[in-house]
Amino acid sequence: MSNDESLSVDTIEGAKCLLRLLNFKIFILLNIWDLILTQIDIVNCSLQSKNQTVDTASFMLKGLILSIINIRNNGFDISMKKAKPTAAFLSIPSQFQEKRSKIAKRHFDDSPNDEHILKAEQELKRECYLAIDSIISNFSWRYEQMNKVVSDFGFLNGNKLFNMKSEDVLKWSKDLAIKYSEDLNGFDLYSELECFKNQAQNLMGDFKSATPLELLKFIHKYSLKDVYLNIEIALRIFLTIPVTTATCERSFSKLKIIKNYLRYTTSQDRLTNMGIITVERELATKINFKNVIVEFATKKARKSANEHCYGSGNNCRGQSCSNVEPNTADNEVYDEAINDEIDETLDSSFLLNQPMHITLQEDEESEEEQ
């Protein structure tokens with residue numbers, strides 16, 4: 001682009017300025033970050049899936065840490081080899097520019113300066129190691145926190161239940177019940193697990209390789225929720241622990257869109273309901289609004305039918321009236337009220353969808369007639 005005369009002068013000058021900023025160091029850093037961010041993006045997309053569990057996420061995070069450690073050990077040399085052809089293509093020297101070292105003045109009583117001055121390549125490698133070590137440290141801390149949760153519920157899978165002794169199951173059950181004392185009972189959980197693993201071995205063909213999600217599906221499939229109540233609660237707690245907070249962050253980012261200056265006086269209940277509709281927009285788009293309108297009109301019509309019964313002078317208070325024959329007069333009044341409410345609701349929804357200029361025109365005509 002810098003030598004293409006068909007382009008404008010501004011484009012050529014911009015390309016030349018960009019070339020002056022590029023050097024061999026930038027190409028090496030681009031290759032290193034490409035290796036790191038590619039590995040992080042793969043794991044990040046997997047962690048945000050709806051069916052992801054904490055135990056699987058901990059294994060994936062452990063694999064990511066090992067991948068970044070491998071990049072730390074070998075990534076710099078690989079990036080340097082990839083950067084040389086790119087630099088040669090752009091006619092940029094594939095060498096590091098050495099900076100002139102500054103010699104500080106020293107007084108007669110100062111100790112001699114024995115600091116080792118690093119070369120440009122060694123300095124760049126040191127900076128890369130510092131950044132990668134920081135990433136590994138953060139991921140390792142997150143893995144440790146996630147692994148603590150996995151260790152608490154680690155016995156709730158087919159392989160562990162099949163191989164664990166009764167004493168170990170009792171110990172794990174009591175430890176888990178201590179942390180979730182309001183939801184679980186340790187002794188009941190132990191007795192349920194002892195009975196559950198014997199039944200599941202006969203009903204499930206692959207009980208040894210069953211995951212916590214498969215065990216929960218098995219309980220609901222055979223309607224064993226009431227029988228194994230503590231197991232079902234423990235599995236639901238484990239499977240509903242969020243792996244990432246990306247969904248929650250998206251929910252908060254929608255708040256400014258929902259509560260704008262036009263809805264500044266919106267009540268908390270309405271704002272909460274609107275937030276739920278926004279977050280669950282996939283489910284909201286499948287709702288049949290005609291059925292919602294009919295249900296709303298039905299509830300309003302029940303109130304109208306009761307008011308009609310009160311106005312007739314009876315003291316039935318909305319219950320079965322002794323002066324009206326069942327399934328005849330009451331049903332007719334109820335059906336008429338439903339139809340009236342549905343018509344009014346549909347008419348109002350139709351008017352709300354009309355353009356504003358039609359309403360203004362009707363108002364002007366009415367004023368002229370008056």
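**Close-up 1. D175 and K171 share one helix of this predicted model.** Both residues belong to helix α6, which covers residues 166–179. They sit four residues apart, about one turn of the helix. Their side chains are joined by a salt bridge, with the closest N and O atoms 3.3 Å apart. D175 is partly exposed, at a relative accessible area of 37%. If you would like to look for others, a search of the whole structure finds six salt bridges, and two more of them appear in the views below.

**Close-up 2. Helices α6 and α7 cross each other.** Stay with α6 and bring its partner α7 into the picture. How do the axes of α6 and α7 cross? They come within 8 Å and cross at roughly 140 degrees. That makes α6 oblique to α7, because only angles over 145 degrees count as roughly antiparallel. The crossing of these two helices is right-handed.

**Close-up 3. K197 and E194 pair up within α7.** Helix α7 runs over residues 186–203 and holds both K197 and E194. The two are three residues apart, about one turn of the helix. A salt bridge links their side chains, at 3.6 Å from N to O. Are K197 and E194 buried or exposed? Both are buried, which means that each has a relative accessible area under 20%.

**Close-up 4. R126 and E123 form a salt bridge in helix α4.** Here the helix is α4, spanning residues 120–152. R126 and E123 are three residues apart in α4, about one turn of the helix. Their side chains meet at 2.5 Å, N to O. Both residues are partly exposed: R126 has a relative accessible area of 37%, and E123 has 27%.

**Close-up 5. Helices α2 and α3 pack with a right-handed crossing.** Two packed helices are described by the angle between their axes and the distance between the axes. For α2 (residues 24–47) and α3 (residues 54–89), the axes come within 7 Å. The angle at which they cross is roughly 155 degrees, so α2 and α3 are roughly antiparallel to each other. Their crossing is right-handed.

**Close-up 6. Q95 and F24 come together from separate parts of the chain.** Find Q95 in the loop between α3 and α4. Which distance separates the C-alpha atoms of Q95 and F24? It is 6.6 Å, although the two residues are 71 residues apart along the chain. Q95 is exposed, with a relative accessible area of 63%.

**Close-up 7. L19, F89 and L90 make a nonpolar patch on the surface.** Together, these three residues form a patch of about 300 Å². Where is L19? Look for L19 in helix α1, which takes in residues 9–21. L19 is partly exposed, with a relative accessible area of 33%. F89, its companion in the patch, falls within the residue range of α3 (54–89).

**Close-up 8. S223 has a positive phi in a loop.** Most residues other than glycine have a negative phi. For S223, phi is near 55 degrees, a positive value in a residue other than glycine. You can find S223 in the loop between α8 (212–221) and α9 (229–239). S223 is exposed there, at a relative accessible area of 62%.

Note on methods
Residues numbered from 1 in each chain as written. Predicted model: local features only at pLDDT ≥ 70, side-chain atom pairs only at ≥ 80, totals over all residues. Heavy atoms only, no water. Patch = residues over 30% accessible without salt bridge, like charges linked within 9 Å, V, L, I, M, F, W, Y side chains within 5 Å. Areas by Shrake-Rupley, 256 points an atom, 1.4 Å probe, with all protein chains shown as cover. Salt bridge = Lys/Arg side-chain N within 4 Å of Asp/Glu carboxyl O. Buried < 20%, exposed > 50% of the residue type's maximum accessible area, 1.4 Å probe, protein only. Axes fitted to C-alpha atoms, helices over the stretch in contact; angles between N-to-C directions. Parallel < 35°, antiparallel > 145°, perpendicular 65-115°, else oblique. Left-handed = near helix turned anticlockwise from the far one by under 90°.
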